[in-house]
Amino acid sequence: MRITIALGGNALLRRGEVMNGDAQRANIRIACEQIARIASGNELVIAHGNGPQVGLLALQGAAYDEDNAFPLDVLGAETEGMIGYMIEQELGNLLPGEVPFASLLTQVEVDAADPAFAHPTKPIGPIYSKEEASRLAELKGWAMAKDGDHYRRVVPSPRPKRIFEIRPLRWLLERGTVVICAGGGGIPTVYAEDGKLQGIEAVIDKDMCSSLLSRELASDLLIIATDVDGVYLEWGTPQSRRVAEADPDSLEALDFASGSMGPKVQAACEFVRASGKTAVIGALADIEAIVAGRAGTRITAEAQGLSFA
């Protein structure tokens, strides 16, 4: 099968963890150990989030020179290179030496008039206390939003329209290459009035871009790997139930948080509707069982309503 795996940025730098290279390397190694289990006989496309990483780079840039810090599109490109390098190396240490790898900087077109620019929702960077979040919002003009028991900076997250590097991505896959691409949802770009392509200050949702990527590459399976084993109803309550299988209309009709499970469900449902193939939301640790059809929340066109684990 041709499988797209969308790794969450928080899986690569875990919530509340020290944000340094050693922690990221250790988490990427764990992720690659799981991905290596399904590499044989399959074509792999690996996308990844970058919320913690791009936020950290933004903080570092502001600390150096706040008035001339690099914009988010440039920081997105930096994180694509950094994370792609580590995934290539760690997965390459696990797979046979003849398996080729490529990490591809991926520019993604968005609409400059997307309403997301007026309503920032995408969390980036570290977590803060309520007091620290209020101070930073006043000091830097950042939009802040609640994330669990803490707060994080949020930035615009426009919908992806087009992936510019889709042709070389196809060429690489056709030649047996494990491809790492669309990191952080891709580098957000728009066409200016003079017709030239340029970056824009935003972070595209990784899952929405992975859905578009999977459709454009005709993937057989989209795996949205997260830190829980599926989609739950009434999460955090005694009545919590995991959805085992669902059709896209039934699942998307439910109410999920826009800052966490909501985009994952929307991305999975859009892929299934457009392709007729299967999407699964589940834990990276269960990836073998996900591919075998035994784990995660499976969204298929053939399912009828919701069934529970």
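This report describes the overall build, one strand, one helix and the nonpolar cores of a predicted model.

## Overall build

The protein contains 10 helices and 17 strands. A compact globule of 309 residues would have a radius of gyration near 19 Å, and the protein has 19 Å, so the two agree. The C-alpha trace spans about 50 × 50 × 40 Å along its principal axes.

Of the 309 residues, 50% count as buried. The exposed area is about 14100 Å², and carbon and sulfur atoms supply 50% of it. Many contacts link distant parts of the sequence: among those between residues at least 6 apart, 75% join residues at least 24 apart.

## Strand β12

Strand β12 covers residues 221-226, and 6 of its 6 residues are buried, so the strand is largely enclosed by the rest of the structure. Both of its faces are covered. Leu 221, Ile 223 and Ala 225 are buried on one side, while Leu 222, Ile 224 and Thr 226 are buried on the other.

β12 has parallel pairings with two strands, β1 and β15. With β1 (residues 2-7) the pairing runs over 5 bridges, and Ala 6 stands opposite Ile 224 of β12. With β15 (residues 278-283) the pairing runs over 6 bridges, and here Ile 223 stands opposite Val 280 of β15.

## Helix α2

Helix α2 takes in residues 21-35. At 1.5 Å a residue, its 15 residues should span 21 Å; the end C-alpha atoms are 21 Å apart, so the helix agrees with the expected span.

The buried residues of α2 are Ala 23, Gln 24, Arg 25, Asn 27, Ile 28, Ala 31, Cys 32, Gln 34 and Ile 35. In an α-helix there are 3.6 residues a turn, so residues three or four places apart point the same way. Among the buried residues of α2 are Ala 23, Asn 27, Ala 31 and Ile 35.

## Nonpolar cores

The largest nonpolar core has 29 residues. Ile 5, Leu 7, Ile 35, Leu 44, Ile 46, Ile 87 and Leu 91 have the most contacts inside this core. The elements that give two or more residues to this core are β1, α2, β2 (43-48), α4 (72-92), β9 (178-181), β12 and α10 (287-291).

Apart from its neighbours within four places in sequence, Ile 5 is in contact with Ile 35, Ile 38, Leu 44, Val 45, Ile 46, Ala 47, Ile 223 and Ile 287. A second, separate core has 21 residues, including Met 208, Val 228, Val 231 and Met 261.

Conventions: Residues are numbered from 1 along each chain as its sequence is written. This is a predicted model: local features need pLDDT of at least 70, side-chain atom pairs count only at pLDDT 80 or more; totals for chains, interfaces and linings use all residues. Side-chain values use heavy atoms; hydrogens and water are left out. Helices (H or I, at least four residues) and strands (E, at least two) are DSSP runs, numbered from the N terminus. The expected span of a helix is 1.5 Å times one less than its number of residues. Buried means under 20% relative accessible area, exposed over 50%, partly exposed in between (1.4 Å probe, protein chains only). Two strands pair if DSSP finds at least two bridges between them. The radius of gyration is taken over C-alpha atoms; the globule rule is 2.2 Å times the number of residues to the power 0.38. Contact means heavy atoms within 4.5 Å. Accessible areas come from the Shrake-Rupley method with a 1.4 Å probe; for residues, only the protein chains shown count as cover. A nonpolar core is a set of buried Ala, Val, Leu, Ile, Met, Phe, Trp, Tyr and Cys residues joined through side-chain atoms within 4.5 Å.
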